[in-house]
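Please open the structure in your viewer and keep the selection panel at hand. The tour below proposes one selection after another and says what is to be found at each.

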Amino acid sequence: MQNLDRSVIRTDLLKILDELRDDWEFSGEVTEESGLFTQLEFESIDAVALGSALEDHYNQSLPFAEFLTKAAERKAADIKVGELVDFLTSHLRNGEGERA
Amino acid sequence: MSTKVVLFGLDGATYTVLDDLVRRGVMPYLGSFMERGVRASLMSTIPHLTPPAWTTLVTGRSPGVHGVTNFLQYQSPDSPYVRVISSREICCETIWSMVGRSGGRAGSLNFIAHAPAQKVNGYTLPGWVPWRWVKKHSYPADLVSRLQTDLTGFDLKELAMDFSEEEKAIAGATHEDYTPWIDLHIRRELQWFNVLKHQMVNDPCALTGVVFDGVDKLQHLLWQYLDPSCEPKHPSEEFLRTREHCWDYFRQLDGFLKEIVELAGPQACVVIVSDHGFTGTEEILYINTWLEQEGFLTWAPDAEVAPADSQELGDGKPIHLTSFDTTKTKAFASSASSNGIHIPVAGVRGDAGIAPNEYESFREELIHALLTRCVDPQTGEPIITNVWKREEIFAGPRMNLAPDLTVGLRDSGFFSVFRGDTVLKRRPVVMGCHHPEGVFLATGRGVRQGVRLAPLHLLDIAPTLLYAMGLAVPKDLEGAACVEAWVDEHVEAHPVTFNGSTIIPPHVETAATEDAPYDEEGDAQVMMRLRALGYIE
């Protein structure tokens with residue numbers, strides 16, 4: 001099955017993160033280089049909520065915990081937005097009921 | 001007949017506490033509510049745990065059917081991958097949707113497993129969501145923005161479950177922590193109440209449901225101050241002060257109830273429910289340590305022993321499969337909240353485990369051992385009073401997501417999954433733990449007055465709410481409308497009607513099954529947060 005285009009996913013993800021900023025008191029620009037935990041000040045439960053938001057947006061289940069696992073295994077200090085875009089690009093299946 | 005219904009949810013409420021608070025005059029309005037209506041015990045799911053219990057209540061279906069068995073559960077029957085539950089785990093139609101399909105509006109506030117909110121004819125402000133995500137996970141999309149604009153004092157941070165604050169309060173569990181813990185929940189409940197009131201005025205619905213979860217939180221930590229049987233003969237000033245502060249929380253709740261009943265009006269039906277009851281626990285069973293002693297489990301060499309002063313239901317680090325030597329482990333428990341024991345079978349969720357053809361005989365051997373050899377070393381009394389096979393309590397298409405066995409303890413509590421230095425330990429102070437018997441109270445037009453009913457089950461609540469609204473009950477709901485709550489004339493004039501079946505939520509048909517292997521470290525940080533809530537170890 002064909003995967004969704006990376007640029008589309010990137011736009012979707014940045015839009016979701018951007019929607020949070022009003023209440024998040026984060027004034028900086030969110031880019032692919034932004035770190036979820038160090039710059040966007042995510043807590044772990046926020047990462048779970050992000051995973052749920054992405055599943056809801058694309059109407060697909062995603063192996064999000066595996067993604068977090070691999071980050072932990074390589075002792076990553078943070079997860080950059082771009083890494084998440086790559087993860088989504090490799091797992092999202094096209095045409096499975098993306099929500100408006 | 002068309003009657004507005006308000007579902008007033010009190011997470012973990014028990015008559016043990018509520019009756020005492022009525023008797024002492026702390027909750028006078030609840031007392032009058034009881035006199036004007038019906039009351040019954042409300043039996044919970046097995047296990048009596050928040051996610052499966054509330055989901056059973058709002059779907060009218062049992063956990064093996066609706067698919068929510070715990071806070072964290074296997075993603076699919078053949079996957080070792082474990083995920084935190086979300087609204088995607090609910091595989092049955094909710095009552096909010098049923099009401100919507102009948103043409104009515106339904107609003108829900110602070111229900112678990114409702115995030116991300118699904119589209120409904122009404123609104124959903126879900127519970128158990130970190131504050132940053134409440135707006136994104138609510139429905140309609142502008143709900144929170146409107147509240148921020150229109151509702152004076154609305155504060156997302158106070159409204160939402162702040163996992164960091166919950167963790168601080170629980171982890172401490174000293175007298176110094178009690179006051180901020182109670183205050184936290186007084187403030188949070190006030191936020192939910194203000195939203196409830198605002199929505200009832202500005203977006204009235206046929207069914208409005210809310211959950212006040214501070215009842216559960218206070219009772220976990222402060223049971224000794226709330227259970228009248230724990231009251232010392234000569235209470236200290238500290239005891240009286242702390243209890244008074246606990247009562248402040250319940251006084252506020254009593255005021256909420258009064259305002260909501262008055263706002264709903266004399267024609268409305270108001271139903272008070274809890275997802276489970278509460279009781280006290282004075283001991284900790286280290287189930288994995290017992291499994292180790294019996295030769296069913298082998299710890300990994302670096303598995304840590306629980307702190308000697310560990311006493312909280314959720315104290316300490318989360319347990320992972322990496323804590324066990326999976327090549328030698330035949331049974332293990334990974335989550336305290338479910339009281340579930342897993343039996344790894346080779347080829348199902350990985351290569352490790354017992355041979356498939358040994359499963360039945362091993363399971364019988366383990367059940368026998370749990371019931372006969374897991375005993376109090378002081379008295380010889382069995383600590384485990386029940387062991388349920390998966391198919392006995394999770395029957396349905398989602399059964400294989402649940403643990404192989406679920407145990408019931410003599411104190412109704414949850415076991416610990418830590419590596420203990422002993423199998424059974426006394427707690428320094430009594431803690432609150434869940435009990436299967438919750439509460440059901442109702443008043444409204446045609447509802448009997450001052451009547452005690454036979455015990456109900458959570459499965460009965462959805463059909464009862466639909467009946468109260470004058471709506472037909474889908475035939476595939478598993479419980480029955482409690483018509484005994486209404487006077488005969490009312491029931492004769494308004495018999496229960498049935499039509500059609502529930503619908504499958506849109507996300508279920510396309511939900512994908514992940515084949516990716518699960519490495520237990522992945523959810524570690526998540527579980528560290530969830531443990532603050534008293535369920536996850």
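## Helix 9 and its two partners

Begin by selecting helix 9 and helix 10 of chain B, where Tyr178(B), Trp181(B), Ile182(B), His185(B), Arg188(B) and Glu189(B) of helix 9 meet Gly214(B), Lys217(B), Leu218(B), Leu221(B) and Leu222(B) of helix 10. Here two residues are in contact if their C-beta atoms, placed from the backbone, lie within 7 Å, while helices (H or I, at least four residues) and strands (E, at least two) are DSSP runs numbered from the N terminus. Before going further, note that this is a predicted model, in which local features need pLDDT of at least 70 and side-chain atom pairs count only at pLDDT 80 or more, whereas totals for chains, interfaces and linings use all residues. Residues are numbered from 1 along each chain as its sequence is written, and chains are lettered from A and ligands numbered from 1 in the order in which they are written.

Staying with this pair, helix 9 (residues 175-202) and helix 10 (residues 214-226) of chain B pack at an angle of about 170 degrees, with their axes 10 Å apart. Helix 9 of chain B is therefore roughly antiparallel to helix 10 of chain B. The axes are lines fitted to C-alpha atoms, for helices over the stretch in contact, and angles run from 0 to 180 degrees between N-to-C directions; angles under 35 degrees count as roughly parallel, over 145 as roughly antiparallel, 65 to 115 as roughly perpendicular and the rest as oblique. The residues of the contact between helix 9 and helix 10 of chain B comprise six nonpolar, two polar and three charged, where Ala, Val, Leu, Ile, Met, Phe, Trp, Tyr, Cys and Pro count as nonpolar, Asp, Glu, Lys and Arg as charged, and the others, Gly among them, as polar.

Next, keep helix 9 of chain B and add helix 11 of chain B, whose axis is 11 Å from that of helix 9 at an angle of about 5 degrees. The two helices of chain B, 9 and 11, are therefore roughly parallel. Among the residues that meet here are His175(B), Ile182(B), Phe193(B) and Met200(B) from helix 9 of chain B, and Glu238(B), Tyr249(B), Phe256(B) and Leu263(B) from helix 11 of chain B. By class, the contact of helix 9 with helix 11 of chain B has 13 nonpolar, six polar and five charged residues.

## Across to helix 2

How do helix 2 and helix 11 of chain B cross? The axes of helix 2 (residues 28-36) and helix 11 (residues 237-264) of chain B come within 7 Å and cross at roughly 50 degrees, and the two helices of chain B, 2 and 11, are therefore oblique to each other. Select Pro28(B), Tyr29(B), Leu30(B) and Phe33(B) on helix 2 of chain B, together with Asp254(B), Leu257(B) and Lys258(B) on helix 11 of chain B, to display the residues that make the contact.

## Backbone details in the loops

For the cis peptide bonds, select Ile46(B) and Pro47(B), which are joined by a cis bond with omega about 0 degrees; Pro47(B) lies in the loop between strand 2 (38-43) and helix 3 (50-59) of chain B. The peptide bond from Tyr139(B) to Pro140(B) is also cis, with omega near -5 degrees, and Pro140(B) belongs to the loop between strand 6 (122-125) and helix 6 (143-150) of chain B.

Then turn to Asn110(B), which is not a glycine but has a positive phi of about 70 degrees, in the loop between strand 5 (106-109) and strand 6 of chain B. Asn110(B) is buried, with 28 other C-beta atoms within 10 Å; a residue is buried if 20 or more other C-beta atoms, placed from the backbone, lie within 10 Å of its own, exposed if 12 or fewer, and partly exposed in between. Trp128(B), likewise not a glycine, has a positive phi of about 60 degrees and is found in the loop between strand 6 and helix 6 of chain B.

## The nonpolar core

Finally, select Val5(B), Leu207(B), Val271(B) and Leu465(B), which touch the most other members of the largest nonpolar core, a set of 181 residues. Such a core is a set of buried Ala, Val, Leu, Ile, Met, Phe, Trp, Tyr and Cys residues joined through C-beta atoms within 7 Å. Leaving aside neighbours within four places in sequence, the contacts of Val5(B) include Ala206(B), Cys269(B) and Met469(B).
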